[in-house]
Every structure is written in structure tokens, then in C-alpha cells.
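Visitor: Please take one part of this model and go through it closely. I would like the packing and the surroundings in one connected account.

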Amino acid sequence: NEIKLFAPGTIANLSCGFDILGLCLDNVGDEMIIRKSNQKGIRITKIVGADLPFETEKNVAGVAALAMLETIETGFGFEIEIYKNIKAGSGIGSSAASSAGAVFGINELLGRPFTNKELVQFAMQGEKLASGSAHADNVAPALLGGFTLVRSYEPLDIIKIKSPDEMFATVIHPQIELRTSDARSILKQNISLKSAIVQWGNVGGLIAGLYTNDYELIGRSLHDEIVEPLRSILIPAFDLVKKSAIENGALGVGISGSGPSIFALSKGKETAEKVAKVMCEVYDGINLPYEIHVSKIN
Ligand code: HSE
């Protein structure tokens with residue numbers, strides 16, 4: 001009647017895949033406890049580690065859970081406790097972790113009426129509340145693990161992508177907050193055919209590289225012509241962090257989600273840790289506090 005779960009952080013976009021690509025960090029995340037209650041509906045009963053609304057309709061976990069319960073008849077309700085580690089506005093999928101965690105936990109307590117892929121449509125409603133846009137590139141990897149692709153939004157078509165064995169992600173979070181809604185409002189609504197060609201070439205290259213364990217191809221494909229140039233100016237020392245990481249062996253570097261976190265992908269743990277060290281040195285040099293994580297991608 002109760003489940004305790006880990007709700008993982010995620011990196012969305014992966015440079016060239018704005019709103020479609022993402023990966024799961026399985027050592028960075030929140031904890032949640034969800035239990036059945038005789039009272040129907042959803043109640044958020046405890047939030048630790050963040051100042052977030054308890055009102056169900058204003059809480060991303062609450063909204064995602066309500067979207068799910070609208071489609072299924074239950075004679076009871078659920079209470080949700082949220083223990084946040086991922087900071088809001090960090091770029092590593094804080095709202096996605098809560099949204100995905102809520103629907104995953106409830107699905108387990110209901111005896112799994114939905115597949116994890118089917119849960120994405122409900123978790124997206126939490127993202128819509130958080131940022132104004134129902135993107136799935138964080139909730140999909142949070143629910144499925146590893147790398148994921150949103151092949152289409154209408155109809156929703158989520159594909160789990162194979163991950164090479166030695167793939168590691170380094171993520172550094174400079175301690176400033178960047179709201180996804182603000183980071184989306186600065187984007188242009190139209191792009192040139194020329195940029196689109198470069199971008200979809202890289203998306204194809206990245207997917208091909210992941211399937212064939214071609215780390216060099218993955219590295220060549222981790223570029224973003226369209227979003228990074230506009231958003232990187234909001235992130236302290238972005239160019240220097242990127243340059244240092246690449247010079248020290250990272251395959252590629254980009255903005256994690258809508259920032260301000262910066263991610264690097266590397267082949268092997270040793271390289272990922274070296275990359276972490278040089279990223280930290282950049283922020284140490286300007287006295288900017290940060291959090292750093294190195295995760296193996298499964
Ligand atoms: N794809 C979304 C964006 C992710 O970049 O706005 C937000 O975390």
C-alpha cells in the first residue's frame with residue numbers, strides 16, 4: 001500500500017535534440033513516498049528540501065497524478081511525500097523527476113495498468129504546469145532510463161535508445177536559477193533551412209553513434225546551432241567550461257535542459273572525472289559555487 005522510490009534527474013536536449021532527446025542520471029535525484037489512502041484524489045502531504053506548493057493543482061506531481069487518475073477508476077486516493085534533492089531551475093529535470101515519480105509510483109500501487117511509456121503522457125502534464133510547455137524530453141528518460149527520443153509529439157511516440165557501455169555524463173550546476181519558461185521565451189519561433197539541415201544531420205549522427213558505439217561520431221554530433229547560441233549567454237563562463245571539458249577529453253559539451261547546468265559526455269569514468277575537475281576549476285576561478293555529478297548512463 002506504500003512505495004518508496006527514487007525519482008532520477010535527467011539531461012534534456014543533448015545539444016542537437018531540442019525537446020526530443022534526453023538521458024537519465026541514475027545517481028542524482030529525489031525520493032518520494034506514495035501511499036494509498038481511503039480519501040479519493042491526490043494529496044501532497046509532505047515536501048522536504050524545497051519550497052513548493054502543497055495544493056494538488058499547483059504541484060507538478062499532483063497535476064501529473066491527476067491526469068493519470070482521470071483515465072482510470074479507483075475506489076481510493078493517494079498521498080504523496082516529496083524529498084527534493086534536485087533544485088528547481090537547475091536544468092537537470094527537477095519538475096520532471098517529481099512528475100515522473102508520481103505517476104510511476106501510483107502505477108506500481110495500482111498493479112501496473114500502464115506501461116512506463118504510457119506514463120509519459122501523464123507526466124508531461126506536470127511539465128506543462130512547470131514551464132508552460134508539455135515537453136517530454138525529461139520525463140521520458142526519467143521513466144524509461146538511459147537515452148530516449150521523442151520521435152513525435154502528436155501522436156506521442158517515445159523510443160528508448162541503446163547506450164554504449166562506457167558512456168558517462170558529467171553535469172555541473174552553477175548555483176544560479178534559470179526558469180525554463182524564461183529560457184524558452186528567448187528562443188526564435190522560426191529557423192532557417194540551412195540550420196535545420198545541420199541540426200537534423202547531427203541528430204541522425206548522434207543516434208547512429210549510440211547504436212554503433214562510435215564515440216567519435218557521438219562527439220561530432222553533439223552540436224547545437226539553434227538553441228545553444230541564444231541560451232549560453234545566460235550561463236556564467238559557458239564557453240570556457242565547454243572549451244576546458246573538450247580539451248580534457250569530453251566527447252561533447254552542451255547546456256543541460258534549459259540550463260544553467262552544463263553537461264559533458266565522455267567515454268569512461270576516468271575521463272568523465274577529469275572533465276568534472278576542469279569544469280570545477282573554471283567556477284572555482286570566478287568564485288561561483290556549484291554542484292557536480294558524474295553518472296554512468298545505462
Ligand atoms: N527541452 C526543454 C527546454 C527542457 O530546453 O526548454 C527543459 O528542461
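Guide: What follows is an account of helix H9 and its surroundings, then the ligand shell and one helix pair. The model is predicted.

Helix H9 runs over residues 238-247, and its buried residues are Phe-238, Val-241, Lys-242, Ser-244 and Ala-245. These residues lie on the same side of H9, because they cover an arc of only 165° around the axis. An α-helix has 3.6 residues a turn, so residues three or four places apart point the same way. On the other side of H9, the exposed residues are Asp-239 and Glu-247.

The partners of the buried residues of H9 are three strands and a helix: S7 (167-174), S8 (252-255), S9 (262-267) and H10 (269-285). Just after H9 comes Gly-249, with a positive phi of about 110°.

On the other end, the loop between helix H8 (228-231) and H9 holds Leu-234. Leu-234 counts as partly exposed because it has 16 C-beta neighbours inside 10 Å, whereas a buried residue needs 20 or more. Leaving aside residues up to four places away in sequence, Leu-234 touches Leu-178, Ala-183, Gly-259 and Pro-260. One of these contacts, Ala-183, is 51 residues from Leu-234 in sequence, with a C-alpha to C-alpha separation of 8.5 Å.

Ala-183 also leads to the ligand, as one of the residues around it. The others in that shell are Ala-12, Asn-13, Phe-18, Asp-19, His-135, Asp-137, Asn-138, Thr-180, Arg-184, Gly-257 and Ser-258. Helix H5 (residues 180-185) gives the largest share of the shell, three residues. By class, the shell around the ligand has six polar, three nonpolar and three charged residues.

The helix pair is H2 (residues 94-109) and H3 (residues 116-131). These helices pack at an angle of about 145°, with their axes 8 Å apart, and their crossing is right-handed. From H2, the residues in the contact are Ser-95, Ala-96, Ser-98, Ser-99, Ala-100, Val-103, Phe-104 and Asn-107. They meet Leu-119, Phe-122, Ala-123, Gly-126, Glu-127 and Ala-130 of H3. By class, this contact of H2 with H3 has eight nonpolar residues, five polar and one charged.

Note on methods
Residues numbered from 1 in each chain as written. Predicted model: local features only at pLDDT ≥ 70, side-chain atom pairs only at ≥ 80, totals over all residues. Buried ≥ 20, exposed ≤ 12 C-beta atoms within 10 Å, placed from the backbone. Helix = DSSP H or I, 4+ residues; strand = E, 2+ residues; numbered from the N terminus. Arc of directions from axis to C-beta. Contact = placed C-beta atoms within 7 Å. Axes fitted to C-alpha atoms, helices over the stretch in contact; angles between N-to-C directions. Left-handed = near helix turned anticlockwise from the far one by under 90°. Nonpolar A, V, L, I, M, F, W, Y, C, P; charged D, E, K, R; others polar. Near = placed C-beta within 6 Å.
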